[in-house]
Amino acid sequence: MNKTIRRASVFCLLLVLALLVRVTWVQAYQGQALADNKNNRRNLIGQYENPLGNIIVGGTAITGSTRTGGKDFGYKRTYTDGPLYAPITGYSSQAFGTSMLEGVYKNVLNGSDSRLKTVMDILTNKRAAPGNVLTTIDKDVQKAAYDALDGKQGAAVAIDPATGEILAVVNNPSYDPGRISGAGDQAAWDELSADKGKAMENVALRKPQAPGSTFKLVTLAAAIENGLVTNIDQPTGVPGNYTIPGTRTKLPSEAGDEACNNASPRTALRLSCNNVFAELASKLGQDKMRAMAEKLGFNTQIDTPVRTNPPSKYPTKKLSVDQVAQTGIGQFDVQATPLQMAMVTAAIENGGTLVAPHMVSEVTDSGGTVLESFKEPKAQQVLNPKTASMLQDAMRTVATEGGGKPAQVAGAEVGGKTGTAQRGVNNNIPPLAWFTSYGKAGGKQIAVAVMIENSDTDRSEIGGGKLAAPIAQKMMAAWLKK
């Protein structure tokens with residue numbers, strides 16, 4: 001063999017060895033990473049090769065799967081009453097991924113979760129039968145909120161204070177996730193994504209905004225817990241003609257200076273007197289106000305298991321005395337979601353114990369074996385029971401004598417708090433209308449928060465009692481009258 005041929009042979013042998021080493025490396029060390037890579041289209045095809053598992057409300061599946069007749073994807077996701085449940089299910093799309101519960105439990109619902117595999121599945125490397133997600137949502141409360149929000153832009157959340165079970169999560173406008181579940185739904189996606197994706201925006205869980213006077217519940221809770229208020233019927237001595245501390249700016253109240261002059265905490269909550277709560281906040285100071293807000297869930301990402309991102313917010317940066325006063329009435333940089341304000345009210349109704357809110361009760365395999373259970377959620381005593389009792393007492397007055405009258409449910413104890421939050425530069429955007437309340441009757445209880453962003457109501461008539469309280473009433477009645 002001549003020298004040239006020998007060298008070529010050695011070179012070819014080295015190339016073959018290099019290829020063998022590379023193949024071995026890919027198979028032994030990189031195989032799983034490549035298989036799991038998000039850009040691996042075979043994974044996406046595998047997810048929709050068979051029918052998906054289901055998301056269930058009240059024992060009935062609100063999702064399904066249908067054959068596509070296509071070459072790549074055997075099935076695509078379908079939804080029953082899609083717009084009604086979209087804030088809970090989210091979407092499962094062959095083109096745009098997943099969101100909400102569809103995203104959190106994607107691997108369970110498409111059968112790729114390792115907990116679903118049988119011995120035979122492991123031996124054959126076959127995708128397991130998909131599992132199911134059982135929610136805590138009550139279809140009657142959900143429907144009551146959805147129907148009541150018709151014609152208004154806003155959101156609502158309901159919680160069972162004793163169990164932490166989320167009974168309803170509703171947004172309006174909403175959307176049908178079935179419109180974007182296929183591989184060729186770009187036009188529908190573009191339409192729904194227009195106007196900054198307003199239709200797909202989960203306002204109830206993921207859009208903190210100024211809570212306005214509903215935050216006065218947090219301020220009063222802090223004042224009671226820190227000994228600043230010991231009797232909700234004792235006059236506070238705060239003048240009705242009130243100037244924000246550190247400024248020359250007068251802080252008006254809707255009820256007027258005379259009505260709010262030297263008002264007791266009960267009267268101040270009923271009339272929503274800004275002077276009293278701004279003064280309480282300024283006396284408490286930022287640290288005590290923040291501590292109370294954080295006990296109730298502010299500044300924390302809540303996993304329901306859909307994550308509240310960004311979380312509700314009480315300012316952590318150093319504030320001036322006038323800014324702290326403004327936080328006492330739910331303005332300045334205070335922001336909250338309807339879920340957060342429902343949590344505040346739930347803790348008050350539940351004797352000061354805040355049970356972790358959750359919208360899933362169980363995750364099961366195809367045969368019903370429980371993979372995850374949320375029936376014993378974490379609970380924390382965040383308020384003294386006496387504080388919670390005093391707050392309930394004051395909230396009942398709001399519902400019986402104040403702006404919360406439209407929320408009353410026959411035969412039930414109801415307590416509430418109205419709120420109107422200013423927005424924009426010099427209030428150039430219509431205010432937010434808030435209402436949060438609790439109701440209990442016959443051993444059942446519910447906490448609700450409703451927020452209206454826009455409606456056809458004249459600006460001068462926008463208020464939590466007029467716009468949001470009637471929606472809360474329908475939600476509470478749907479639960480308490482069962």
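Helices (H or I, at least four residues) and strands (E, at least two) are DSSP runs, numbered from the N terminus. With those labels, Pro173 sits in the loop between E9 and helix H8 (186-197). You're looking at a predicted model, where local features need pLDDT of at least 70 and side-chain atom pairs count only at pLDDT 80 or more, while totals for chains, interfaces and linings use all residues. Residues are numbered from 1 along each chain as its sequence is written, and side-chain values use heavy atoms, with hydrogens and water left out.

**Helix H10 against helix H17**

- Two packed helices are described by the angle between their axes and the distance between the axes.
- For helix H10 (residues 216-225) and helix H17 (residues 385-401), the angle is about 140° and the axes are 10 Å apart. That makes H10 oblique to H17.
- Axes here are lines fitted to C-alpha atoms, for helices over the stretch in contact, and angles run from 0 to 180 degrees between N-to-C directions. Angles under 35 degrees count as roughly parallel, over 145 as roughly antiparallel, 65 to 115 as roughly perpendicular and the rest as oblique.
- The crossing of H10 past H17 is right-handed (left-handed if the near helix is turned anticlockwise from the far one by less than a right angle, right-handed if clockwise).
- On the H10 side, Leu217, Leu220, Ala221, Ile224 and Glu225 meet Thr387, Met390, Leu391 and Met395 of H17; contact means heavy atoms within 4.5 Å.
- By class, the contact of H10 with H17 has seven nonpolar residues, one polar and one charged. Ala, Val, Leu, Ile, Met, Phe, Trp, Tyr, Cys and Pro count as nonpolar, Asp, Glu, Lys and Arg as charged, and the others, Gly among them, as polar.

**Leu217 up close**

- Leu217 belongs to helix H10 and, at 0% relative accessibility, counts as buried. The cut-offs: buried is under 20% relative accessible area, exposed over 50%, partly exposed in between (1.4 Å probe, protein chains only).
- Leaving aside neighbours within four places in sequence, Leu217 is in contact with Leu269, Val344, Thr345, Ile348, Leu391, Met395, Lys417 and Thr436.
- Take Thr436 from that list: its C-alpha atom is 9.8 Å from that of Leu217, although 219 residues separate the two along the chain.

**Helix H13, wrapped up**

- Helix H13 (residues 274-284) has 10 of its 11 residues buried, so it is largely enclosed by the rest of the structure.
- The buried residues of H13 include Val276, Phe277, Leu280 and Leu284, along with Glu279.
- Packed against the buried residues of H13 are H10, helix H11 (257-260), helix H12 (265-271), helix H14 (286-295) and helix H15 (321-327).
- Right after H13 comes Gly285, with a positive phi of about 90°.

**The sheets**

- One open sheet has five strands in the order E2-E1-E7-E11-E12, and its pairing is mixed. Strand E2 (60-61) and strand E12 (370-373) are the edge strands, each pairing on one side only. Two strands pair if DSSP finds at least two bridges between them.
- Within it, strand E7 (residues 132-135) and strand E11 (residues 360-364) run antiparallel, joined by four bridges; Val133 has Val363 of E11 as its bridge partner.
- Another open sheet runs E9-E8-E16-E15-E14, five strands with antiparallel pairing. Its edges are strand E9 (166-172) and strand E14 (413-423), each pairing on one side only, and the twist averages 10° from one strand to the next.
- Nine bridges pair strand E15 (residues 429-441) with strand E16 (residues 444-454) in the antiparallel sense, and Phe435 is partnered by Val450 in E16.
- Helix H7 (residues 139-148) packs on this sheet, touching strand E8 (153-159), E9 and E16, and its direction makes about 25° with that of E9.

**Backbone spots to check in the loops**

- The Asn172 to Pro173 peptide bond is cis, with omega near 10°.
- Thr304 and Pro305 are also joined by a cis peptide bond, omega about 15°; Pro305 is in the loop between H14 and H15.
- Asn262, in the loop between H11 and H12, has phi near 55°, a positive value in a residue other than glycine. At 34% relative accessibility, Asn262 counts as partly exposed.
- Ser272, in the loop between H12 and H13, likewise has a positive phi near 55°, but at 13% relative accessibility Ser272 counts as buried.
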